[in-house]
Amino acid sequence: MKKVTGIGGVFFKCENPQSMNEWYAKNLGLPKSEYGTTFEWREADDPSKTGSTSWCTFPQDTKYFNPSAKPFMINYRVENLVALVDELKKDNVTIVDEIAEYDYGKFVHVLDPEGNIIELWEPKD
């Protein structure tokens, strides 16, 4: 079974998300939006298929990364989230929450052995 297919996003905590977004826009050219930056791309094996990778800042006090105390979270794109979660459960991986479904895909959060929060995303591409 194919598991991770790519990086879906990089998220990190900072003192002033708005100021940080402005710095990255000014100095590195990252376009700003309410949710950070979205990089759109095409799949190498099939250029008719598109995808995206997000880069987002969060306030220091965000609860979104809980239960991890780390100041970052990586989002990985996956092909079949339900099947992957079943496999992870068999391997006793800590599943933080239930699979949530939105217009743009399915999500679940897991912890790695060092307590880093990982967001798994099956996009609706």
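How much space lies in the largest pocket? About 730 Å³. One caution before I go on: this is a predicted model.

Let's start with that pocket. Its lining counts 29 residues. Nearest the centre are Phe-11, Tyr-35, Ser-54, Tyr-104 and Phe-107. Several elements give two or more residues to the lining. On the strand side, they are strand 1 (4–14), strand 2 (37–42), strand 3 (50–59), strand 6 (100–102), strand 7 (105–111) and strand 8 (117–123). Helix 1 (17–28) is on that list too. Which strand gives the most? Strand 3, with six residues.

Now the chemistry of the lining. It divides into 12 nonpolar, 11 polar and six charged residues.

Stay with strand 3 for a moment. Is it enclosed or open? Seven of its 10 residues are buried, so strand 3 is largely enclosed by the rest of the structure. It also has strand partners. Strand 1 and strand 3 run parallel, joined by six bridges. Look at Phe-12 there: its bridge partner in strand 3 is Thr-57. Strand 2 also joins strand 3 through six bridges, but this pair runs antiparallel. In that pairing, Trp-55 of strand 3 stands opposite Thr-37.

Next, follow strand 1 to another partner. Seven bridges link strand 1 with strand 4, residues 72–78, and the two run antiparallel. Gly-9 has Asn-75 of strand 4 as its bridge partner. Strand 4 then pairs with strand 8 in the parallel sense, over four bridges. There, Tyr-76 is matched with Leu-120 of strand 8.

A word on annotation. UniProt lists residues 6–123 for "domain: VOC", and the entry is unreviewed. In the model, that span is 19% helix and 43% strand. The C-alpha atoms at the two ends of the span lie 11 Å apart.

On to the rings. How many aromatic pairs does a search of the whole structure find? It finds 12. I'll show two. Trp-23 and Tyr-24 are edge-to-face, with 4.9 Å centre to centre and 75 degrees between the planes. Trp-23 is partly exposed, at a relative accessible area of 44%. The other example is Phe-58 with Tyr-64. That pair is stacked: 5.6 Å centre to centre, 5 degrees between the planes.

Are the two rings of the stacked pair buried or exposed? Phe-58 is buried, with a relative accessible area of 18%. Tyr-64 is partly exposed, at 38%. The pair also belongs to a cluster. Phe-11, Phe-58, Tyr-64 and Phe-65 form one aromatic cluster. You have met Phe-11 already: it is among the residues nearest the centre of the largest pocket.

Finally, two backbone details to check on your screens. Where is the cis peptide bond that I want to show? It runs from Asn-66 to Pro-67, with omega near 10 degrees. Pro-67 sits in the loop between strand 3 and strand 4.

The other detail is Asn-92. Its phi is positive, about 60 degrees, although Asn-92 is not a glycine. Asn-92 lies in the loop between helix 2 (81–90) and strand 5 (94–95). Is Asn-92 buried or exposed? Exposed, with a relative accessible area of 69%.

To recap. The largest pocket holds about 730 Å³ of space. Strand 3 gives the most to its lining. And strand 3 pairs with strand 1 in parallel, and with strand 2 in antiparallel fashion.

Definitions and conventions
Residues numbered from 1 in each chain as written. Predicted model: local features only at pLDDT ≥ 70, side-chain atom pairs only at ≥ 80, totals over all residues. Heavy atoms only, no water. 1 Å grid on protein atoms, 1.4 Å probe; cavity = no way out; pocket = protein on both sides within 12 Å on 5 of 7 lines; lining within 4 Å. Points joined across faces, edges and corners; volume = space filled by probe spheres on them. Nonpolar A, V, L, I, M, F, W, Y, C, P; charged D, E, K, R; others polar. Pairing = 2+ DSSP bridges. UniProt positions renumbered as here; feature names shortened; annotations may be inferred. Phe/Tyr/Trp six-rings, centres within 6.5 Å; stacked < 30°, edge-to-face > 60°. Buried < 20%, exposed > 50% of the residue type's maximum accessible area, 1.4 Å probe, protein only.
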